[in-house]
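Biologist: Before we go through the labels on this protein, could you show me what we will be discussing?

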Amino acid sequence: MKFLHLLSSEASQSITFHCLGDSTYNTKDKSSSTGPVQREDSKPWFIGWNKNISEKDTLLEPNLIQDECKIQDGSWHQSRFFFHTQDSCQLPIIDIQEFSSSLLNYQLHIEIGPVCFL
């Protein structure tokens, strides 16, 4: 990994959350009488190779491409994050502290994409 970091000037990686929530078990979520339940906004934390935590306005800030996991209508949805950094030592992502869900029947599958070193 050190060799890849030394030879690369930038890196990118994608992470996808596949989520399923059953709105009938809603406890702390926003609900609408005409639409699906939506979770309170809380974002996961990503920890990079050099132990830095992803935050807004940093080199490891993720680009949120798709944000559908907040929809709780009993169907599978996705939230996609894309990382692109000029500091290749930030990637790969080595840990994810996922957002909490107040739903009892909430299911989550995390798909971690490969890192592209350039």
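**Reasons behind the labels**

Modeller: Met1, Leu4, Trp49 and Ile94 together make a nonpolar surface patch of about 350 Å². Please keep in mind throughout that this is a predicted model.

Biologist: What makes Ile94 a residue that can belong to such a patch?

Modeller: A residue in a patch needs over 30% relative accessible area, and Ile94, which lies in strand 7, has a relative accessible area of 38%, so Ile94 passes that cut-off. Ile94 is still called partly exposed, because exposed means over 50% and buried means under 20%.

Biologist: What does the secondary structure of the protein come to?

Modeller: The protein has one helix and nine strands, and along the sequence they follow the pattern α-β-β-β-β-β-β-β-β-β.

Biologist: Why is Lys2 called exposed?

Modeller: Lys2, which is found in helix 1 (residues 2–7), has a relative accessible area of 67%, and exposed means over 50%, so the label follows for Lys2. The C-alpha atoms of Lys2 and Cys89 are separated by 8.3 Å, although these residues are 87 residues apart along the chain.

Biologist: How do you know that Cys19 and Cys69 form a disulfide?

Modeller: The sulfur atoms of Cys19 and Cys69 are 1.8 Å apart, and the cut-off for a disulfide is a pair of cysteine sulfur atoms within 2.5 Å, so the pair is counted as a disulfide. In general, a disulfide is a covalent bond between the sulfur atoms of two cysteines. The structure holds one disulfide, and the link of Cys19 and Cys69 is left-handed, with -110° about the S-S bond.

Biologist: Which parts does the pair of Cys19 and Cys69 tie together?

Modeller: Cys19 lies in strand 1, while Cys69 lies in the loop between strand 4 (63–67) and strand 5 (71–72), so the pair ties together parts that are 50 residues apart in sequence.

Biologist: Why are Cys19 and Cys69 called buried, while Cys89 and Cys116 have another label?

Modeller: Buried means under 20% relative accessible area. Cys19 has a relative accessible area of 2%, and Cys69 is likewise at 2%, so both count as buried. Cys89, with 32%, and Cys116, with 36%, fall in between the cut-offs of 20% and 50%, and therefore count as partly exposed.

Biologist: What makes a set of residues here a nonpolar core?

Modeller: Such a core consists of buried residues of certain kinds, Phe, Leu and Ile among them, joined through side-chain atoms within 4.5 Å. The largest nonpolar core has 14 residues, and those with the most contacts inside it are Ile15, Phe17, Phe46, Phe83, Leu91, Ile93 and Ile96. The elements that give two or more residues to this core are strand 1 (11–20), strand 6 (76–85) and strand 7 (93–97), and strand 1 gives the most, with four residues. In soluble globular proteins, nonpolar side chains tend to be buried together.

Biologist: Which residues is Phe17 in contact with, beyond its neighbours within four places in sequence?

Modeller: The list for Phe17 includes Pro44, Phe46, Cys69, Ile96, Glu98 and Leu108.

Biologist: Why is Glu98 called partly exposed?

Modeller: Glu98, found in the loop between strand 7 and strand 8 (107–112), has a relative accessible area of 28%, which lies between the cut-offs of 20% and 50%, so partly exposed is the label for Glu98. Not counting residues up to four places away in sequence, Glu98 touches Phe17, Pro44, Tyr106 and Leu108.

Biologist: Are Ser54 and Lys51 buried or exposed, and how do you know?

Modeller: Ser54 is found in the loop between strand 3 (45–48) and strand 4, and the place of Lys51 is in the loop between strand 3 and strand 4 as well. Ser54, at 9% relative accessibility, is under 20% and therefore counts as buried, whereas Lys51, with a relative accessible area of 59%, is over 50% and therefore counts as exposed. Lys51 also has a positive phi of about 75° although it is not a glycine.

Technical notes. Residues are numbered from 1 along each chain as its sequence is written. This is a predicted model: local features need pLDDT of at least 70, side-chain atom pairs count only at pLDDT 80 or more; totals for chains, interfaces and linings use all residues. Side-chain values use heavy atoms; hydrogens and water are left out. Buried means under 20% relative accessible area, exposed over 50%, partly exposed in between (1.4 Å probe, protein chains only). Contact means heavy atoms within 4.5 Å. Patches are made of residues with over 30% relative accessible area and no salt bridge: like charges are joined within 9 Å, nonpolar side chains (Val, Leu, Ile, Met, Phe, Trp, Tyr) within 5 Å. Accessible areas come from the Shrake-Rupley method with a 1.4 Å probe; for residues, only the protein chains shown count as cover. A salt bridge is a side-chain nitrogen of Lys or Arg within 4 Å of a carboxyl oxygen of Asp or Glu.
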